[in-house]
Amino acid sequence: MNEIMKAMEERRSIRSFKPDMPPMEDIRQIIEAGRYAANGKGRQATITVAVTNPELRNRLSADNCKIGGWQEGFDPFYGAPVILIVLAERDWANRVYDGSLVMGNMMLAAHSLGLGSIWIHRAKEEFEMPEYQQVLKELGILGEWEGIGHCAVGYIDGEAPKAAARKDGRVYFVQ
């Protein structure tokens, strides 16, 4: 089995991370994998915001928790020290599809580097909030952006979960 197929079969969503920060070179490689995701019409209409600042990371976590309706103090990022936020041009019809492919590439890249990852929703709701629109402005990001997802990344705390058996009856051939 080739390495890409192996990574696809082995990668799992991680729900317990160590607080240790991965090397910046690994973070850059993960982001670069996302930049090479397939995208509609070659438009490359997504951006990634890499959050390694603990203060902003914790603010995102608290707001994500509120949006999700969890009890205060729950960390929807499961302790991951790196949050890679994928956003897409709000008026681009393929924004969700393109952003989803970016997320998938980044999660596979994290796995290939020995890191864990998980896709966390509610980026759309966060980046509709004025305070996160202000964060984008402070970064020099202009235009209208829709949050697609957070790729929480870090070292796995414990054992990676095993894949569930794949359900039968999900593939049909027309020959």
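Isoleucine 47 stands opposite leucine 87 in strand 2, and this pair offers a way into a model that is predicted. The pairing of strand 1 with strand 2 is antiparallel and runs over six bridges. On its partnership with strand 4, which covers residues 145–154, strand 2 is again antiparallel, here over eight bridges, and within that pairing glutamate 89 faces tryptophan 145 of strand 4. Strand 2 itself, residues 82–89, is mostly covered, since seven of its eight residues are buried.

From the strands one can move to the nonpolar side chains. The largest nonpolar core has 20 residues, and those with the most contacts inside it are Val49, Ile83, Ile85, Leu87 and Leu136. At least two residues of this core come from each of strand 1, strand 2, strand 3, helix 6 (130–138) and strand 4. Valine 49 illustrates how these parts meet: leaving out residues up to four places away in sequence, valine 49 touches Ile83, Leu84, Ile85, Leu87, Leu136, Leu139 and Ile141. Apart from the core of 20 residues lies another core, of 18 residues, with Ile30, Ala88, Met106 and Ala109 among them.

Helix 4 deserves a closer look. With 18 residues, 95–112, and a rise of 1.5 Å a residue, helix 4 should span 26 Å, and because its end C-alpha atoms are indeed 26 Å apart, the expected and the modelled spans agree. The buried residues of helix 4 are Asp98, Gly99, Val102, Met103, Met106, Met107, Ala109 and Ala110, and what covers them includes helix 2, strand 1, strand 2, strand 3 and strand 4. Just after helix 4, glycine 114 takes a positive phi of about 80°.

How do helix 2 and helix 4 meet, and at what angle do their axes cross? The two axes come within 7 Å and cross at roughly 145°, and the crossing in which helix 2 passes helix 4 is right-handed. On the side of helix 2 the contact is made by Ile30, Ile31, Ala33 and Gly34, while helix 4 contributes Val102, Asn105, Met106, Ala109 and Ala110.

The loops hold further detail, beginning with proline 76, which lies in the loop between helix 3 (54–68) and strand 2. Is proline 76 buried or exposed? Its relative accessibility is 1%, and therefore proline 76 counts as buried. Leaving aside neighbours within four places in sequence, proline 76 is in contact with Ser61, Asn64, Cys65, Trp70, Ile120 and Arg122. Its C-alpha atom is separated by 9.9 Å from that of lysine 66, a residue ten places apart from proline 76 along the chain.

Arginine 122, one of the contacts of proline 76, is found in the loop between strand 3 (116–120) and helix 5 (123–126). Although arginine 122 is not a glycine, its phi is positive, at about 80°. The relative accessibility of arginine 122 is 18%, and because the limit for a buried residue is under 20%, arginine 122 counts as buried.

Glutamine 44 is likewise a residue other than glycine with a positive phi, in this case near 50°. Glutamine 44 has its place in the loop between helix 2 (24–35) and strand 1 (46–51). With a relative accessible area of 58%, glutamine 44 is exposed, whereas arginine 122 counts as buried.

Terms used. Residues are numbered from 1 along each chain as its sequence is written. This is a predicted model: local features need pLDDT of at least 70, side-chain atom pairs count only at pLDDT 80 or more; totals for chains, interfaces and linings use all residues. Side-chain values use heavy atoms; hydrogens and water are left out. Helices (H or I, at least four residues) and strands (E, at least two) are DSSP runs, numbered from the N terminus. Buried means under 20% relative accessible area, exposed over 50%, partly exposed in between (1.4 Å probe, protein chains only). Two strands pair if DSSP finds at least two bridges between them. A nonpolar core is a set of buried Ala, Val, Leu, Ile, Met, Phe, Trp, Tyr and Cys residues joined through side-chain atoms within 4.5 Å. Contact means heavy atoms within 4.5 Å. The expected span of a helix is 1.5 Å times one less than its number of residues. Axes are lines fitted to C-alpha atoms, for helices over the stretch in contact, and angles run from 0 to 180 degrees between N-to-C directions. A crossing is left-handed if the near helix is turned anticlockwise from the far one by less than a right angle, and right-handed if clockwise.
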